[in-house]
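Let's take a walk through this one together. Have the viewer open and follow along as we go.

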Amino acid sequence: MLKEINAAIQKKQVMIVHLNNGEILEGIPHSCTDRLKMWSVYGAVWVPLEEIKHVCRLIQFEHKRDCATV
């Protein structure tokens, strides 16, 4: 889990966090020590790591258009 969080921080990727209480948060992670700091549409959110059940990273791919194959 920490590997995925740190990768999302480094690449500034959107992350979806599922908490033990069933709550789901979405935002861009900023830092991670004993708590995850994430920027969401509601502002900054701090989540203790022990409350995180599952994380997902949203990875955007760059689309390159090749005119020869279209």
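Which residue in β3 is the bridge partner of Ile28? Look across from Ile28 and you land on Trp39. Keep in mind as you look that this is a predicted model, so before going further, a word on how confident the predictor is.

The mean pLDDT of the protein is 88, and 89% of its residues reach 70 or more. Among the helix and strands, confidence bottoms out in helix α1 (residues 2-11) at a mean of 91, while strand β1 (residues 14-19) has the highest value, 95. Where pLDDT is low, the predicted coordinates should not be read in detail.

Now for the overall layout. The protein has one helix and five strands, and reading along the sequence gives the pattern α-β-β-β-β-β. That helix is α1, and just after α1 comes Lys12, with a positive phi near 55°.

Back to the strands. The pair we started with belongs to strand β2 (residues 24-32) and strand β3 (residues 35-40), which run antiparallel and share four bridges. Between β2 and β3 sits a hairpin with a two-residue connection. Carry on along the chain and β3 pairs with strand β4 (residues 43-48), again in the antiparallel sense, this time over six bridges. Here, too, the two strands form a hairpin, with two residues between β3 and β4. If you want a spot to centre the view on, try Met38, which stands opposite Val45 in β4. So β3 takes part in both pairings, with β2 and with β4, as DSSP bridges define them.

What does the helix do with its side chains? In α1, the buried residues are Ile5, Ala7, Ala8 and Ile9. The cover over the buried residues of α1 includes β1, β2, β3 and β5.

One place to see the helix and a strand together is Ser31, which lies in β2. The C-alpha atoms of Ser31 and Ile9 are 6.7 Å apart, although 22 residues separate them along the chain. Setting aside neighbours within four places in sequence, Ser31 is in contact with Ile9, Leu36 and Lys37. Is Ser31 buried, exposed or in between? Its relative accessibility is 31%, and because buried would require under 20% and exposed over 50%, Ser31 counts as partly exposed.

α1 also has a charged link to another strand. By the distance rule for such pairs, the count comes to one salt bridge. That salt bridge joins Arg57 and Glu4, with the closest N and O atoms 2.7 Å apart. The pair ties together distant parts of the chain: Arg57 is in strand β5 (residues 52-58) and Glu4 is in helix α1, 53 residues apart. Both partners fall in the intermediate accessibility class: Arg57 is partly exposed at a relative accessible area of 23%, and Glu4 is partly exposed at 31%.

Finally, zoom out to the whole protein. Of the contacts with a separation of 6 or more, 40% are between residues 24 or more positions apart; the Arg57–Glu4 pair, at 53 residues, is a long-range link of its own. Of the 70 residues, 30% count as buried. The accessible surface comes to about 5500 Å², and carbon and sulfur atoms account for 54% of that surface.

Definitions and conventions: Residues numbered from 1 in each chain as written. Predicted model: local features only at pLDDT ≥ 70, side-chain atom pairs only at ≥ 80, totals over all residues. Heavy atoms only, no water. Buried < 20%, exposed > 50% of the residue type's maximum accessible area, 1.4 Å probe, protein only. Contact = heavy atoms within 4.5 Å. Areas by Shrake-Rupley, 256 points an atom, 1.4 Å probe, with all protein chains shown as cover. pLDDT = per-residue confidence, 0-100. Salt bridge = Lys/Arg side-chain N within 4 Å of Asp/Glu carboxyl O.
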